[in-house]
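Trainee: Can we walk through a structure together? I'd like to learn how to read a helix and what surrounds it.

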Amino acid sequence: MLTPTILLVDDDQSHAMLLQRAFKKSSLPHSIQVVLDGDAAVDYLSGQGKYVDRKSYPSPVLVLLDLRLP
């Protein structure tokens with residue numbers, strides 16, 4: 001079974017680090033992919049650009065989105 005992937009979209013790296021730390025402490029089997037803006041999130045979700053390799057960048061089961069992205 002593949003490890004579920006969570007896509008975190010946040011332009012503040014300190015927020016991303018805190019969320020990654022919280023998920024790590026949960027001991028749940030998952031991987032977190034972080035992108036820093038909406039354009040990168042669209043590319044990730046559509047498998048375009050550097051995110052074309054789905055083995056390295058699998059489709060997420062959950063997207064956490066910073067609602068205050070510029």
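Mentor: Sure, and keep in mind that this is a predicted model. Begin with burial: in helix H2, which spans residues 38-46, Ala40, Ala41 and Tyr44 are buried.

Trainee: How do those buried residues of H2 sit around the helix axis?

Mentor: Look down the axis of H2: the buried residues fall within an arc of 100 degrees, so they line one face of the helix. Asp39 and Val42 are exposed, on the face turned away from that buried side.

Trainee: And what covers the buried residues of H2?

Mentor: The cover includes two strands, E1 (5-9) and E2 (31-35).

Trainee: What should I check at the ends of H2?

Mentor: At the start, look for a side chain reaching a backbone nitrogen. Here a side-chain oxygen of Asp37 comes to within 3.1 Å of the backbone nitrogen of Asp39. Just after the helix, check phi: Gly47 has a positive value of about 70 degrees.

Trainee: Which loop holds Pro60, and which residues does Pro60 touch?

Mentor: Pro60 is in the loop between H2 and E3. Leaving out residues up to four places away in sequence, Pro60 touches Thr5, Ile6, Leu7, Tyr44 and Leu45. Its relative accessibility is 21%, so Pro60 counts as partly exposed; the cut-off for buried is under 20%.

Trainee: Which residues make the nonpolar surface patch?

Mentor: Leu45, Val63, Leu65 and Leu67 make that patch, about 420 Å² in area. Val63 belongs to strand E3, residues 62-65, and counts as partly exposed because its relative accessibility is 39%.

Key: Residues are numbered from 1 along each chain as its sequence is written. This is a predicted model: local features need pLDDT of at least 70, side-chain atom pairs count only at pLDDT 80 or more; totals for chains, interfaces and linings use all residues. Side-chain values use heavy atoms; hydrogens and water are left out. Buried means under 20% relative accessible area, exposed over 50%, partly exposed in between (1.4 Å probe, protein chains only). Helices (H or I, at least four residues) and strands (E, at least two) are DSSP runs, numbered from the N terminus. The arc is that of the directions from the helix axis to the C-beta atoms. Contact means heavy atoms within 4.5 Å. A polar contact is a pair of N or O atoms within 3.5 Å; within protein, one must be able to donate a hydrogen and the other to accept it, and residues adjacent in sequence count only if both atoms are side-chain atoms. Patches are made of residues with over 30% relative accessible area and no salt bridge: like charges are joined within 9 Å, nonpolar side chains (Val, Leu, Ile, Met, Phe, Trp, Tyr) within 5 Å. Accessible areas come from the Shrake-Rupley method with a 1.4 Å probe; for residues, only the protein chains shown count as cover. A salt bridge is a side-chain nitrogen of Lys or Arg within 4 Å of a carboxyl oxygen of Asp or Glu.
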